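Grab your viewer and work through these exercises at your own pace. Each one has a task, then a solution you can check against the coordinates.

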Amino acid sequence: MKKFGLIGYPLTHSFSEKYFTEKFEKENINDTSYSLITLGNIQDFPELIKNNPDLSGINVTIPYKIEVMQFLDELSKEAEGVGAVNCIKICTRHSVNSLFSGELCRVNEKKYSLIGYNTDAYGFEKSISPLLKKHHQKALILGNGGAAKAIQFVFKKLKIPFKLVSRKAAKNMFTYGQLNQKVLKEYQIIVNTSPLGTYPDVDACPDIPYEFLTPQHLLYDLVYNPEETLFLQKGKEKGAVTKNGADMLVLQAEKSWEIWNS
C-alpha cells in the first residue's frame, strides 16, 4: 500500500484529502491512500517518518511550510527560490540521483532521502497568468507567511513589482493603515494569502479600503472555502476581476502527484 498524506496543525478540513481520495476512485488507482496527519509540533516530524515506512509523499500546510525545511535532505530549485516547501518526496537512498544538493538528513538514519518541492508557486502562476492584463503592473500581497513566499517567487519570475502588506510596520512593506487611494491606483493586483474569510469565519476580510477598488483591479484570494469570500465579494461590487484559490489547489495537487510518481 502506497501512502500519502498532509501534515499541518490544525487540520479541521482539507481540500487535499477529499481531492486525492476522489482522484484514486475515479482513476482506479488501487493500493494507494491519502490521509490527514495532524502534527502538533514540527519537532515530531522525524518520528513521523521513522514510524511510517509506507509513506511515499507528504503535502505540507500551515504552519510548517518553512519549519519543515530543517529536516529535509534536498530542495528543488523552486523550493529553494521560494524558501518554503509544500510537497515532500520520500525516496529510498539508492533511488536518489544527484540533481539536487543538500546536507545528509539527520532525521531518517540514512534509510530515506527527503526532497522538498514547492508546487504552490506552480499552481499560482498557472491560475493567475490568464487573468493578467497590460495595466496589471504592480501587486500587493496581503500577509507574509509561507504561502506569501510562493506568490513573491512568481511575481519575481513574471517581473511584476510587489509590496507585502502586514499589520506591523517593517522595511519595504505597507501596513494596512497606509493603504489609500493613491496606493490602490498604483497597485492593481491584490492577492490575499492570509486565512481571513475562511469558513466558518466568513464575515472576516482583509482591512483594505475597498471603496477605492475599480474594474481595473484583479483580486485573488488563496482561500477557496467559501467559494466567494467577503474579500472577493467586495471586489466584485466595485467591478474588479476576482479569482479564488480552487484552481491553484488543483494545479498544485496534480503537480505533487506528478512529483511523487516521477
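**Exercise 1: a helix and its packing**

Which strands do the buried residues of α7 pack against? Keep in mind that this is a predicted model.

Solution. Start by finding the buried residues: in α7, which spans residues 230–237, they are F231, L232 and G235. Looking down the axis of α7, you'll see these buried residues fall within an arc of 90°, so they line one face of the helix. Next, list what that set packs against: β7 (139–142), β10 (189–192), β11 (218–221) and β12 (241–243). Finally, step past the end of the helix: α7 is followed by G239, which has a positive phi, near 90°.

**Exercise 2: an asparagine in β10**

Work out whether N192 is buried or exposed, and find the side chain with which its own side chain makes a polar contact.

Solution. First, place the residue: N192 sits in strand β10. Its relative accessible area is 0%, and the cut-off for buried is under 20%, so N192 is buried. Now look for the polar partner: the side chain of N192 meets the side chain of D221 at 3.0 Å. To round off the surroundings, skip neighbours within four places in sequence; the contacts of N192 are then L142, P206, Y220, D221, L222, V223 and F231. F231 should ring a bell, as one of the buried residues of α7.

**Exercise 3: a histidine in a loop**

Locate H136 and say which backbone nitrogen its side chain reaches.

Solution. H136 is in the loop between α4 (120–128) and β7. Despite the loop setting, H136 counts as buried, at 7% relative accessibility. Its side chain reaches the backbone nitrogen of K133 at 2.9 Å. Beyond four places in sequence, H136 touches L131, Q188, I189, Q216, H217 and L218.

**Exercise 4: strands around β5**

Trace the pairing of β5 with β3 and β6, giving the sense and the number of bridges for each.

Solution. Take β3 first, residues 55–60. β3 and β5 pair antiparallel over three bridges, and one partnership to look up is N59 with C87. On to β6, residues 112–117: its pairing with β5 is antiparallel as well, over six bridges. Here I88 has G116 as its bridge partner. Five of the six residues of β5 (residues 87–92) are buried, so this strand is largely enclosed by the rest of the structure.

Now zoom in on V60, in β3. V60 is buried, with 3% relative accessible area. Its contacts, not counting residues up to four places away, are L6, I7, K65, V68, V85, N86, C87 and I88.

**Exercise 5: cysteines**

How many disulfides does a search of the whole structure find?

Solution. The search comes back with zero. Check C87: the nearest cysteine sulfur is that of C91, 10 Å away, and C87 is in no disulfide. Going the other way, C91 is in no disulfide either, with the sulfur of C87 as its nearest at 10 Å. C87 counts as buried at 0% relative accessibility, and C91 is buried too, at 8%.

**Exercise 6: confidence**

Find the stretch where the pLDDT is below 50.

Solution. Begin with the overall picture: the chain averages a pLDDT of 92, and 93% of the residues score at least 70. The stretch you're after is residues 94–108, which has 30 contacts in the model beyond near neighbours in sequence. Where pLDDT is low, the predicted coordinates should not be read in detail.

Technical notes:
Residues numbered from 1 in each chain as written. Predicted model: local features only at pLDDT ≥ 70, side-chain atom pairs only at ≥ 80, totals over all residues. Heavy atoms only, no water. Buried < 20%, exposed > 50% of the residue type's maximum accessible area, 1.4 Å probe, protein only. Helix = DSSP H or I, 4+ residues; strand = E, 2+ residues; numbered from the N terminus. Arc of directions from axis to C-beta. Contact = heavy atoms within 4.5 Å. Polar contact = N/O pair within 3.5 Å; in protein donor to acceptor, adjacent residues only side chain to side chain. pLDDT = per-residue confidence, 0-100. Disulfide = S-S within 2.5 Å. Pairing = 2+ DSSP bridges.
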